[in-house]
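Student: Please take one helix of this model and go through it closely, together with the charged pairs and cysteines elsewhere in the chain.

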Amino acid sequence: MARHSMALHGTTWHCMARHSMAWHCMALLNMARHGMAVTLLSRKLLPCCAHWSVGSDLSTDAEPSLLTLPAVRRMSPVPEELSLVPLHQHPELLEACAELLAEEWGKSRAVRLHALQRSSDAFPTCLALLRASGPAEPTCPHCLVGHVRLSRVAGQPGGLLVESVVVARALRGRGYGRQLMEATERYARTRGFRRLHLSTHDKQQFYAHLGFIPAEPVQIVPFLSPAMPAAALRAFAAPPSPTPATPAVPSAPHTPLPPPAIPPPPPLPPPSRAGGGPAEGGGQSPQESPHYDTRGLPIFWMKKDI
């Protein structure tokens with residue numbers, strides 16, 4: 001009698017444990033099927049749960065069927081594929097870049113296209129940041145994210161001026177601006193340059209976070225077409241040939257000029273900073289600049305060694 005009671009008690013406990021395990025496994029399988037995150041302990045139980053038939057009656061002792069487990073979705077995002085390409089190697093992007101620049105700074109489409117078509121390996125070089133399209137963008141194999149132009153700096157063989165930095169308005173606030181500048185630095189280093197210059201009206205804080213510091217204004221090298229022959233370039237740089245001397249003609253006597261007036265005193269030097277040294281970047285700070293454009297807006301010049 002006692003043995004029979006123990007047997008019944010063991011059967012009851014076995015059935016209760018089997019029901020509890022089955023319901024736990026069903027919950028885990030549903031979570032995995034819908035891509036929900038599960039704990040490490042629950043993942044160890046998933047292979048065991050594969051032997052439970054979700055569609056079978058739990059009260060019967062039917063032969064368990066194997067269940068294929070769906071892949072668990074990764075919680076970390078996959079990095080987006082971006083690429084920085086020279087615009088003159090991708091003429092199909094000319095129209096999109098012209099619209100992007102016109103949307104930000106105006107001017108006609110013809111003027112923008114003319115400036116973009118001057119891009120070449122000999123500088124100025126226009127660069128386009130592209131990203132791979134997603135499933136919702138089947139008609140855009142390479143979507144335009146941003147644009148930047150690089151020009152040679154006069155008197156600095158290792159310097160480039162960064163201009164026309166822009167990111168599409170619909171894509172701002174996602175970190176593309178930083179990625180555009182970092183990709184531009186890598187491109188400049190591969191071309192053998194070691195310093196970048198730029199100017200901005202109101203983005204000096206953004207560039208400061210990227211490592212740029214206040215600097216003096218610079219000038220770019222005038223545009224020279226790569227198709228211009230070297231002889232023509234040397235002709236522009238050659239000194240003028242001497243002209244034949246003309247015979248001197250005696251001039252009429254002239255009255256002596258009055259003595260020159262005393263020149264005014266030189267202007268006082270600008271006040272120094274509290275530390276006693278000259279202000280870095282020619283008296284420029286992240287909030288104030290001594291440089292202004294034709295409209296009276298301050299211009300902040302910055303540089304970065306790369």
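Tutor: What follows starts with helix α5 and one of its residues, then turns to salt bridges and cysteines. The model is a predicted one.

Helix α5 covers residues 176-190. With 15 residues at 1.5 Å a residue, α5 should span 21 Å, and its end C-alpha atoms are 21 Å apart, so the two values agree. The buried residues of α5 are Tyr176, Leu180, Met181, Ala183, Thr184, Glu185, Tyr187 and Ala188. Just after the helix, Gly192 has a positive phi of about 95°.

Glu185 belongs to that buried set. Its relative accessible area is 8%, which is under the 20% limit, so Glu185 counts as buried. Leaving aside residues up to four places away in sequence, Glu185 touches Leu196, Leu210, Phe212, Lys304 and Ile306. One of these contacts, Lys304, also forms a salt bridge with Glu185, and the closest N and O atoms are 2.8 Å apart. Because Lys304 lies in strand β7 (residues 300-305) and Glu185 in helix α5, the pair ties together parts that are 119 residues apart in sequence. Both Lys304 and Glu185 are buried.

The whole structure holds 11 salt bridges. Among them is the pair of Arg169 and Glu104, whose closest N and O atoms are 3.6 Å apart. This pair links distant parts of the chain: Arg169 sits in the loop between β4 (156-167) and α5, Glu104 sits in helix α3 (residues 94-105), and they are 65 residues apart. Arg169 is partly exposed at 45% relative accessible area, and Glu104 is partly exposed at 28%.

Another salt bridge joins Asp293 and Arg295, with 3.3 Å between the closest N and O atoms. Asp293 counts as buried at 19% relative accessibility, whereas Arg295 counts as exposed at 61%. Shared partners join Glu103, Glu104, Arg169 and Arg172 into one network of salt bridges.

As for the cysteines, the disulfide count is 0. Cys97 is in no disulfide, and the nearest cysteine sulfur, that of Cys126, is 7.6 Å away. A disulfide needs the two sulfur atoms within 2.5 Å, so this pair does not qualify. Cys126 is likewise in no disulfide, its nearest cysteine sulfur being that of Cys97. Cys97 is buried at 0% relative accessibility, and Cys126 is buried at 2%.

How values were computed:
Residues are numbered from 1 along each chain as its sequence is written. This is a predicted model: local features need pLDDT of at least 70, side-chain atom pairs count only at pLDDT 80 or more; totals for chains, interfaces and linings use all residues. Side-chain values use heavy atoms; hydrogens and water are left out. Helices (H or I, at least four residues) and strands (E, at least two) are DSSP runs, numbered from the N terminus. Buried means under 20% relative accessible area, exposed over 50%, partly exposed in between (1.4 Å probe, protein chains only). Contact means heavy atoms within 4.5 Å. The expected span of a helix is 1.5 Å times one less than its number of residues. A salt bridge is a side-chain nitrogen of Lys or Arg within 4 Å of a carboxyl oxygen of Asp or Glu.
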